[in-house]
Each structure stands twice: as C-alpha cells, then as structure tokens.
Amino acid sequence: MTSCHVTEDPIKKVAIFGGTHGNELTGVFLVKRWLENGTEIQRTGLEVKPFITNPRAVKKCTRYIDCDLNRVFDPENLGKKMSKDLPYEVRRAQEINHLFGPKDNEYSYDIIFDLHNTTSNMGCTLILEDSRNDFLIQMCHYIKTSLAPLPCYVYLIEHPSLKYATTRSIAKYPVGVEVGPQPQGVLRADILDQMRKMIKHALDFIHNFNEGEEFPPCAIEVYKIMEKVDYPRNENGDIAAIIHPNLQDQDWKPLHPGDPVFLTLDGKIIPLGGGSTVYPVFVNEAAYYEKKEAFAKATKLTLNARSIRSSLP
C-alpha cells in the first residue's frame, strides 16, 4: 500500500434511492420520511436528494411491474427509443438516467445510495462495484468503524462476466445499502434503525471529506462474488432440494468442501463440492427464486485505499 495521498473533488450532489424494489420497505419508508422532512440527511454545502425510484411497484408493494429495475441500467436499455411499448422499468430507467445522470457523464450525481432489504441473514451490508476506488473504500471503512461493534459487511460485485447494470451505477460513486433479514412487504424497527445509521455515517463521512479532513491509508475486508449457485432441479426444471438447515441463515460464514448445502425431501444431503472454502451470500433470498439463485459463493480478500482529501478551493 502506497503512502501517497489522492486528492479528489469535493462531493456536491448525493441521491438516496428507495423503492428500487417496491416490496423492500425500509428504503421506501425512510425516503418518504426524508421527502417530508429531510433535516437529518442535510449537510452544509451538500445537495442531498431522496427519491422513490419505482413508484408503481411501491404502490403495489411488489418487486417490480415488468422487469427488475436494478438490472436495466445498461447502454442498450438506456439507449432504446422511448415508447409506451417498452417495459415500465426500462422507461423508468431512462427517466432516472435523465434526472441523475446521464451515466458516464461529468454532470451525473456524485454519489447514489440505493437502499435495499434482503430476506437473507446478511445484517448490514455495503455493496461495492469497484475494487480500486480509494474514495469508496475509505467511505466503507468509515461506516464500518462507526457502526462497530455492530458488524457491517462489504460485498464486492466486480466480476468479469456477471454484469448487474444497477440503478445506482449512473453515479460516479455507486453504493448499495442492503440490510436484512426482513420479509418482503414488512417493516422491522431494528432493520430500519440500522439502515438509518448507515446513511447517517455515510453522510458524515462526505461532510468531513468536504470540510478538508484527510483520511489516512486504510484497509477493509470484503467478500468478492465468485459465482451464483442454483438449486438442484429435476428433469422438469423444478426445485429438487432446498437449503440445508446447517446453511440457512449462515451468510458470511465459511463454507467448507463437504459441508451440507442442500437437502432433498428424501433426506439426501448434497454437500459443497470443489476444493476451497467459500463464503455464502444471499442464502435462500426470496427474490432470487425467479433468478434461479440459491446463494452466491464469495471469496474473502482485503482492499487497500490510499490517503484521501478533498481539493478545497
């Protein structure tokens, strides 16, 4: 890790998205609150805009209307000619890109926090898309330190073939905020409090950075996605085995070759194959049944960040 520091432009515009998935209610609830009274998210010299991203899905309390809004922010969908025949979420993506982007443009928002819930036992999770971004690594380090002793995990979705095209990806610094476990269509006070604190600490970090505070070199532990694992299926494509009780609710815990992963109705145990320990993430996530994902395998590694400070005028 080098000892030199990086000078970054001050952060000017921040958006907080809720309702990207309309049945993940913590973000919806918080953003609606902040739209009515945004005092707690305001910081001097910083524009902070709370925003409901998928209002039709929020109204119906469903994940989406036509397709997953959090997977359509790719050049192909953003470049399609606007038409009423397009899926609702593709049209909405173009509107959001116009309001907060455009993607990969100097005028796009500096930071977008996209608020999500998971039915998996993942606790407080920050989702990163870039392993080389000093600013975001420093922000994650600050949030993790501020939340301690409450654990906060960092999930790195940087992958050569798994492309997400997330709602937040139009920002210079995209940050996913995932907190669970919480059922779809339900609000839990403890989960809401945790997400609220994560956003508070994130905004405090930005404020301190803008005020000229220098953040020394740091390192954080992250879990990087390796691959997604489907449920075992029969010849008809139906699920033939479910998550084993030993794996249920064990997100982030080491899973060793030979450990039970799935269990059939006949009582047959299907163990983890391969020759290396992995870390399961999004175990038995309700929203991922349609995506044919039982869990994701991750590997644990360390990311280093150089010292950063803002280039104050």
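Let me start with a term: buried means under 20% relative accessible area, exposed means over 50%, and partly exposed is in between, with a 1.4 Å probe and protein chains only. Thr166 is buried by that cut-off, because its relative accessible area is 1%.

Some ground rules. This is a predicted model, where local features need pLDDT of at least 70, side-chain atom pairs count only at pLDDT 80 or more, and totals for chains, interfaces and linings use all residues. Residues are numbered from 1 along each chain as its sequence is written, and side-chain values use heavy atoms, with hydrogens and water left out.

Now the annotated sites. UniProt, in an unreviewed entry, lists a "binding site" at Asn70, Arg71, Tyr164, Ala165, Thr166, Thr167 and Arg168. UniProt positions are in the numbering used here, feature names are shortened, and annotations may be inferred rather than shown by experiment.

Back to Thr166. It sits in the loop between strand S6 (152-156) and strand S7 (173-180). Helices (H or I, at least four residues) and strands (E, at least two) are DSSP runs, numbered from the N terminus.

What does Thr166 contact, leaving aside neighbours within four places in sequence? Asn70, Phe73 and Glu129. Contact here means heavy atoms within 4.5 Å. With Glu129 there is also a side-chain to side-chain polar contact of 2.7 Å. A polar contact is a pair of N or O atoms within 3.5 Å; within protein, one must be able to donate a hydrogen and the other to accept it, and residues adjacent in sequence count only if both atoms are side-chain atoms.

Asn70 is on the same UniProt list as Thr166. Its place is the loop between helix H2 (55-60) and helix H3 (75-78). Buried or exposed? Asn70 is buried, because its relative accessible area is 5%.

Next, Pro75, which is in helix H3. Pro75 counts as exposed, because its relative accessibility is 73%. Pro75 and Ala165 are 90 residues apart along the chain, yet their C-alpha atoms are separated by 8.9 Å. Ala165 is one of the listed positions.

Second site. The unreviewed UniProt entry also places a "binding site" feature at Arg63, Glu178 and Tyr288.

Take Glu178 to begin with. Glu178 is in strand S7. At 7% relative accessibility, Glu178 is buried. Beyond neighbours within four places in sequence, its contacts are His116, Asn117, Thr118, Gly123, Cys124, Thr125, Ile127 and Phe282. One distance to note: a polar atom of the Glu178 side chain lies 3.4 Å from the backbone nitrogen of Thr118.

Now Tyr288. Tyr288 lies in the loop between strand S12 (279-281) and strand S13 (295-305). Tyr288 also counts as buried, at 11% relative accessibility. Which residues does Tyr288 contact, setting aside neighbours within four places in sequence? They are Arg63, Arg71, Phe282 and Glu293. Arg63 is listed with Tyr288, while Arg71 is on the other list. Phe282 also appears among the contacts of Glu178.

On to the strands. Strand S2 covers residues 13-18, and 5 of its 6 residues are buried, so S2 is largely enclosed by the rest of the structure. S2 pairs with strand S3 (residues 47-52) in the parallel sense, over 6 bridges. Two strands pair if DSSP finds at least two bridges between them. Lys13 stands opposite Glu47 in S3.

S2 also pairs with strand S4 (residues 111-117), again parallel, over 4 bridges. There, Phe17 faces Asp114 of S4.

How is S2 connected to S3? Through helix H1 (residues 25-36), in a right-handed β-α-β unit. Right-handed means that, with the strands pointing away from the viewer, the path from the first strand over the helix to the second runs clockwise.

Last item, backbone geometry. The Ala148 to Pro149 peptide bond is cis, with omega near 10 degrees. Pro149 is in the loop between helix H5 (134-147) and S6. The Gly180 to Pro181 bond is cis as well, with omega near 10 degrees. Pro181 is in the loop between S7 and helix H6 (189-210).

Then positive phi. Cys61 is not a glycine, yet its phi is positive, about 50 degrees. Cys61 is in the loop between H2 and H3, and is partly exposed at 35% relative accessible area. Trp252 has phi near 75 degrees, also positive in a residue other than glycine. Trp252 lies in the loop between strand S9 (241-243) and strand S10 (260-264), and is buried at 4% relative accessibility.
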